[in-house]
Amino acid sequence: MNDKDYMTLAIDLARRGGGYVNPNPQVGAVIVRDGVIIGQGYHEKCGELHAERNALASCTTDPRGATMYVTLEPCCHYGKTPPCTAAIIEKGIARVVIGSRDPNPKVSGKGAEQLRAAGIEVVRDFMQGECDELNAIFFHYITKGRPLVTMKYAMTMDGKIATHTGASKWISCEASRIHTHEARARNMAIMVGLGTVVNDDPSLTARAGIGPDPLRIVCDSNLYTPLSAKIVGPGTIIATCESDVDKCRKFTEKGAEVLTLGRNKNGQVDLCELIAALGERKIDSLIIEGGSTLNWSALEAGIVDKLQVYVATKVFGGAEAKSPVGGPGVELPDYAFKLQNTRITNIESDILIESQVIPC
Ligand code: AOF
Ligand code: ZN
């Protein structure tokens with residue numbers, strides 16, 4: 001095994017923390033001495049020990065003189081846990097191979113510097129691209145203080161999210177739907193509009209065994225959500241402009257939280273205010289699962305960072321059948337929302353298109 005194999009193992013370990021560590025990063029670490037792996041660990045849960053300390057604690061022999069492969073620059077600050085650099089130095093690690101740089105201002109280069117100052121050989125940016133992929137959410141949140149917002153939908157090849165009768169089960173194939181549930185589990189929150197609650201009555205949980213359930217958010221400007229909807233209960237926020245105490249109490253009595261926000265120029269929930277409020281609550285990621293009215297509002301408000309689109313190789317037709325983004329739309333092709341860094345993946349009979357929104 002070589003440096004690349006050990007870092008690949010550290011990346012695989014890091015992934016195990018997916019969904020459990022937010023808003024912290026996914027991190028893995030492997031310790032090798034004389035060509036033998038003597039310790040490994042990963043960040044398992046937010047607030048618990050970091051990958052480096054877990055790896056050091058797991059060592060089967062003394063790690064003095066060993067190399068540590070770690071997917072993210074070791075921290076050098078007192079947070080919820082003591083600095084990892086202190087443990088690495090104290091245990092006598094001789095060489096540290098680092099994947100990603102840590103943009104957390106409390107660390108940002110200072111972690112690597114401390115290790116070097118202690119006489120440790122430090123290699124930076126090793127398999128950086130692969131390591132960075134683990135933490136798109138963390139990098140976004142730690143630098144911007146607001147969640148990474150992904151707009152997700154499934155549509156047919158003629159751009160429909162339902163038939164003209166409103167039927168939408170199912171557009172994407174089973175494998176795509178499993179993929180969606182995995183994405184849900186790595187995100188801290190999921191949001192739908194009132195229309196989706198009324199039409200589909202979704203529960204918006206992650207499928208059993210895949211990961212923790214996300215926080216559920218209903219965007220409902222006038223608080224028209226039916227009290228009998230499956231989503232009304234603990235773990236749900238209803239984002240609304242309604243402040244009538246009696247109306248709100250009916251929802252809080254069922255365990256949901258009502259978050260009253262300002263109105264935008266169209267009289268709907270101010271989504272920028274919502275995103276800022278979620279950032280303050282340490283929500284690092286949000287998936288918007290529509291429908292078309294909310295999708296338009298979210299794009300118009302400029303809160304969408306990424307699109308995740310499943311295209312099913314089928315056609316519904318129908319002039320009245322809905323497309324994924326409603327609202328008035330733009331007037332001219334030049335005014336389109338533009339995207340970049342597009343990635344295309346085949347998922348059985350579907351095509352997944354992931355793309356980043358270019359900020360206006
Ligand atoms: C993690 N897990 O394995 C590593 C992290 O508040 P704390 O003490 O958990 O510190 C969180 C910061 O520590 C985080 O923002 C990142 O900069 C750094 N490294 N964090 O949660 C880990 N290595
Ligand atoms: Zn640390």
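**Note on the predicted model: helix H4, the ligand 1 shell and the annotated sites**

1. Leu115 lies in helix H4, and in this predicted model the residue counts as buried because 24 C-beta neighbours fall inside 10 Å, where 20 or more are needed. Apart from neighbours within four places in sequence, Leu115 is in contact with Pro74, Thr85, Ile88, Ile89, Val96, Ile120 and Val122. Pro202, by contrast, is 87 residues away from Leu115 in sequence and 50 Å away in space, C-alpha to C-alpha.

2. Helix H4 covers residues 110-117, and its buried residues are Gly111, Ala112, Gln114 and Leu115. These residues are on the same side of H4, because they cover an arc of only 160 degrees around the axis. As background to that reading, an α-helix has 3.6 residues a turn, so residues three or four places apart point the same way. The cover over the buried residues of H4 includes helix H3 (84-90), strand S4 (95-100) and strand S5 (121-123). After H4 comes Gly119, which has a positive phi, near 90 degrees.

3. Glu52 carries the feature "active site" in UniProt, where the entry is unreviewed, and in the model the residue lies in helix H2, which runs over residues 51-57. Glu52 counts as buried because 30 C-beta neighbours are found inside 10 Å. If residues up to four places away in sequence are not counted, Glu52 touches Ala29, Met68, Val70, Pro74, Cys84, Ala87 and Ile88. Pro74 and Ile88 are thus among the contacts of Glu52, and they are also among the contacts of Leu115.

4. Ligand 1 has 18 residues around it, of which Asn24, Val27, His50, Gly79 and Asn104 come nearest. Sorted by class, the shell around ligand 1 consists of nine nonpolar, six polar and three charged residues.

5. The feature "binding site", again from an unreviewed UniProt entry, is listed for Ala154, Trp170, Thr196, Asp200, Ser221, Gly291, Ser292, Thr293, Leu294, Asn295, Trp296 and Ser297. These positions do not all gather at one spot, because they span 144 residues in sequence and the farthest two C-alpha atoms are 28.2 Å apart.

6. Two of the listed positions, Thr293 and Ser297, can be followed in more detail. Thr293 lies in helix H11, residues 292-301, and is partly exposed, with 18 other C-beta atoms within 10 Å. Its contacts, leaving aside neighbours within four places in sequence, are Gly193, Gly195, Gly326 and Gly327. Ser297 is likewise found in helix H11, but Ser297 counts as buried because it has 23 C-beta neighbours inside 10 Å. On the same basis of leaving out residues up to four places away in sequence, Ser297 touches Gln268, Leu271 and Gly327; Gly327 is also in contact with Thr293.

7. For the chain as a whole, there are eleven helices and 14 strands. The radius of gyration is 23 Å, close to the 21 Å that the globule rule gives for 360 residues, so the chain is as compact as a globular protein of that length. Along its principal axes, the C-alpha trace spans about 70 × 45 × 40 Å. Buried residues account for 44% of the 360 residues, and, among contacts between residues at least 6 apart in sequence, 67% join residues at least 24 apart.

Conventions: Residues are numbered from 1 along each chain as its sequence is written. Chains are lettered from A and ligands numbered from 1 in the order in which they are written. This is a predicted model: local features need pLDDT of at least 70, side-chain atom pairs count only at pLDDT 80 or more; totals for chains, interfaces and linings use all residues. UniProt positions are given in the numbering used here, feature names are shortened, and annotations may be inferred rather than shown by experiment. Helices (H or I, at least four residues) and strands (E, at least two) are DSSP runs, numbered from the N terminus. A residue is buried if 20 or more other C-beta atoms lie within 10 Å of its own, exposed if 12 or fewer, and partly exposed in between; C-beta atoms are placed from the backbone. Two residues are in contact if their C-beta atoms, placed from the backbone, lie within 7 Å. The radius of gyration is taken over C-alpha atoms; the globule rule is 2.2 Å times the number of residues to the power 0.38. A residue is near a molecule or strand if its C-beta atom, placed from the backbone, lies within 6 Å of it. Ala, Val, Leu, Ile, Met, Phe, Trp, Tyr, Cys and Pro count as nonpolar, Asp, Glu, Lys and Arg as charged, and the others, Gly among them, as polar. The arc is that of the directions from the helix axis to the C-beta atoms.
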